Structures are given as structure tokens and as C-alpha cells.
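Open your viewer, switch on the cartoon view and keep the selection box at hand. We will go from stop to stop, and at each one you will hear what to select and what to look for.

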Amino acid sequence: MAKGKVKKIDLTGIRKGPVRHEKLSDALISRVRAIRAALLSAYPHTMEFWLDGFKRDMEPEKEILWWEHLSVCFLEHYWTKRPDEEQAKSAFRLLLQIGLGGETPSEFENLPEDDVDFLKRAAAFVYPPPDSDDERL
């Protein structure tokens with residue numbers, strides 16, 4: 001992937017890949033359930049939708065790890081910044097864009113610049129960015 005080239009394509013031409021794993025382990029299904037629960041407000045899909053996607057991945061465990069990181073970043077933002085519903089959805093889209101390696105504009109939809117910075121830092125590291133002076137956090 002490091003040597004790959006970015007190419008724009010028509011989204012109508014995208015088709016689902018084949019199912020590569022007929023069944024996922026109970027441990028992976030449990031992790032998918034946690035991801036789904038964390039993102040349900042911003043990315044409302046059925047459990048069947050999520051499982052179908054991971055069954056089509058070459059390496060579902062690596063993909064689940066990626067989604068776990070994204071969902072943790074989303075939850076950290078949600079609970080420390082207390083965004084409204086539209087800002088939460090924007091935060092999810094920004095994290096998705098960052099995770100997919102797309103260009104991230106300095107201003108993103110209806111998110112304050114401080115929130116954009118928080119999300120970029122959260123997505124870049126395993127350890128969360130400092131969130132507040134509140135000792136409860």
C-alpha cells in the first residue's frame with residue numbers, strides 16, 4: 001500500500017467483494033458488537049451489516065482493530081467535548097476520512113477548530129490527547 005497510487009473512481013462501480021470467512025469467532029463478534037454500539041448514533045447499521053463487511057475482509061482481525069481505534073476516538077470526543085448530534089456525526093466522518101488517509105481540511109463542517117485538532121491527535125496516537133482539567137476524566 002505504501003507504493004500504491006491514489007486514484008479517483010466512480011462510486012457506482014464499487015461492488016462487494018466475496019465472503020472470505022463464512023464464520024467469525026465469538027471473540028471477534030463480541031468486538032464487532034462493541035464497535036457497533038460505540039458508533040450507533042453516528043453510523044446506524046445492523047449487526048448483520050457489520051458482520052457481513054468483516055466476513056469479506058482479507059484480515060478481519062486487523063480491520064476490527066482499525067474500527068476499534070476509530071470508535072474509541074469517537075467516544076473520547078463524544079464524552080469530553082459533548083457535541084450535539086450533528087457535530088457527533090461530523091466527528092465520525094472526520095475520523096473516517098483521517099483513517100482512510102484522505103485530505104483533512106483545516107475546518108471541517110460544523111466542528112470547532114479545537115474539536116478537529118482533538119480528533120486528529122486522537123486518531124494519530126494510541127494514547128488519548130489531554131482532554132480537560134476535570135480530574136474525573
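Which exposed residues does the face of α5 turned away from its buried side carry? Select E113 and A124: these are the exposed residues on that face. Keep them highlighted, because we will come back to this helix later, at residues 113-124.

**Stop 1: the whole model**

Zoom out first. What you see is a predicted model. Its average pLDDT is 87, and 88% of the residues score at least 70. Where pLDDT is low, the predicted coordinates should not be read in detail. If you colour by pLDDT, compare the elements: helix α1 (residues 26-39) has the highest mean, 98, and α5 the lowest, 91.

Now follow the chain from the N terminus. The protein has five helices and zero strands, so the order of elements reads α-α-α-α-α. Buried residues account for 26% of the 137 residues. Turn on the surface as well: the accessible area is about 9900 Å², with 55% of it belonging to carbon and sulfur atoms. Among contacts between residues at least 6 apart in sequence, 58% join residues at least 24 apart.

**Stop 2: helix α1**

Select residues 26-39, which form α1. This helix has 14 residues and reaches 20 Å from its first C-alpha to its last, close to the 20 Å expected at 1.5 Å a residue.

Next, show the side chains of L28, V32, I35, A38 and L39, the buried residues of α1. Look down the helix axis: these buried residues fall within an arc of 125°, so they line one face of the helix. What do they pack against? Add α2 (47-55), α3 and α4 to your view, and you have the partners. Then rotate to the face turned away from the buried side, where you will find the exposed residues D26, R33 and A37.

**Stop 3: a cluster of rings**

Select Y43, F49, W50, F54, W66, W67 and F92 and show them as sticks. Ring pairs link these residues into a cluster. The structure holds eleven aromatic pairs, and here are two to inspect.

Begin with F49 and W50, an edge-to-face pair with 6.4 Å centre to centre and 90° between the planes. Are these two residues buried or exposed? F49 is partly exposed, with a relative accessible area of 40%, whereas W50 is buried at 4%.

Now move to W66 and W67. They are also edge-to-face, with 5.1 Å centre to centre and 85° between the planes. W66 is partly exposed at 26% relative accessibility, while W67 is buried at 11%. The cut-off for buried is under 20%, so 11% puts W67 in that group.

**Stop 4: H77 and R82**

Select H77 in helix α3 (residues 60-81). How accessible is H77? Its relative accessibility is 0%, so H77 counts as buried. To see its surroundings, show R82, P83, A91, L111, D115, F118 and L119: H77 contacts these residues, leaving aside its neighbours within four places in sequence.

One of those contacts, R82, is worth its own click. R82 lies in the loop between α3 and α4. Its phi is near 50°, a positive value in a residue other than glycine. With 57% relative accessibility, R82 counts as exposed.

**Stop 5: back to α5**

Return to residues 113-124. At 1.5 Å a residue, the twelve residues of α5 should span 16 Å, and the end C-alpha atoms are 17 Å apart, which agrees. Show D115, V116, F118, L119 and A122, the buried residues of this helix. Down the axis of α5, they fall within an arc of 160°, so they line one face. What covers them includes α3 and α4 (85-99). The face turned away from this buried side is where E113 and A124 sit, the exposed pair from the start of the tour.

**Last stop: a distance to check**

Select I98 in helix α4. I98 is partly exposed, with a relative accessible area of 21%. Use the distance tool between the C-alpha atoms of I98 and K120: the separation is 7.3 Å, although the two residues are 22 residues apart along the chain.

Note on methods:
Residues are numbered from 1 along each chain as its sequence is written. This is a predicted model: local features need pLDDT of at least 70, side-chain atom pairs count only at pLDDT 80 or more; totals for chains, interfaces and linings use all residues. Side-chain values use heavy atoms; hydrogens and water are left out. Rings of Phe, Tyr and Trp (its six-membered ring) pair if their centres lie within 6.5 Å; planes under 30 degrees apart count as stacked, over 60 as edge-to-face and the rest as tilted. Buried means under 20% relative accessible area, exposed over 50%, partly exposed in between (1.4 Å probe, protein chains only). Helices (H or I, at least four residues) and strands (E, at least two) are DSSP runs, numbered from the N terminus. Contact means heavy atoms within 4.5 Å. The expected span of a helix is 1.5 Å times one less than its number of residues. The arc is that of the directions from the helix axis to the C-beta atoms. Accessible areas come from the Shrake-Rupley method with a 1.4 Å probe; for residues, only the protein chains shown count as cover. pLDDT is the predictor's confidence in each residue, from 0 to 100.
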